[in-house]
Amino acid sequence: KILMNEAEENNLGGKAMHKRWARWYACGLCEQHHHGVVKCALGWACWKIYLGRPEANVARQMAMSVLGGGLHGAGHNEDELSVRE
């Protein structure tokens, strides 16, 4: 949350924003994409962090996408559909 707030406040470019957002879908050390229950847990964590923002907020919308991907990765397809609606 702090990294995204910093990026927004300092009007950082797309590359910097992408780098900060990447932690939700890839390992910071080996850069391998998360999968399965780890992807699902990180999806929920991401959603909880950005839930308080307005519905039209880009970070909140991206958090919903991360949550949907996490649910899909863990095989929770019905839940994924409701999130992605």
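The following legends describe close-up views of a predicted model.

**View 1. The largest nonpolar core of the predicted model contains 12 residues.** Its members are Trp21, Trp24, Cys40, Cys46, Trp47, Tyr50, Ala59, Ala63, Val66, Leu67, Leu71 and Val83. At least two of these core residues come from helix H3 (36–50), and at least two come from helix H4 (58–73). Helix H4 makes the greatest contribution to this core, supplying five residues.

**View 2. Trp24 and its contacts are shown within the core region.** Trp24 belongs to the largest nonpolar core. When residues up to four places away in sequence are left out, Trp24 touches His34, Leu42, Ala45, Cys46, Ile49, Tyr50 and Val66. Among these partners, Cys46, Tyr50 and Val66 are also members of the largest nonpolar core.

**View 3. Cys40 and Cys46 are two buried cysteines.** Cys40 counts as buried because its relative accessibility is 9%, and buried means under 20%. Cys46 has a relative accessibility of 0% and therefore also counts as buried. A disulfide is a covalent bond between the sulfur atoms of two cysteines. With a cut-off of 2.5 Å between cysteine sulfur atoms, the count for this model is zero disulfides.

**View 4. The largest pocket holds about 160 Å³ of space.** The residues that line this pocket are His18, Lys19, Ala22, Arg23, Ala26, Cys27, Gly28 and Glu31. By character, the lining consists of three nonpolar, two polar and three charged residues. Rolling a probe the size of a water molecule over the atoms reveals where empty space is left.

Note on methods
Residues numbered from 1 in each chain as written. Predicted model: local features only at pLDDT ≥ 70, side-chain atom pairs only at ≥ 80, totals over all residues. Heavy atoms only, no water. Buried < 20%, exposed > 50% of the residue type's maximum accessible area, 1.4 Å probe, protein only. Core = buried A, V, L, I, M, F, W, Y, C linked by side-chain atoms within 4.5 Å. Helix = DSSP H or I, 4+ residues; strand = E, 2+ residues; numbered from the N terminus. Contact = heavy atoms within 4.5 Å. 1 Å grid on protein atoms, 1.4 Å probe; cavity = no way out; pocket = protein on both sides within 12 Å on 5 of 7 lines; lining within 4 Å. Points joined across faces, edges and corners; volume = space filled by probe spheres on them. Nonpolar A, V, L, I, M, F, W, Y, C, P; charged D, E, K, R; others polar.
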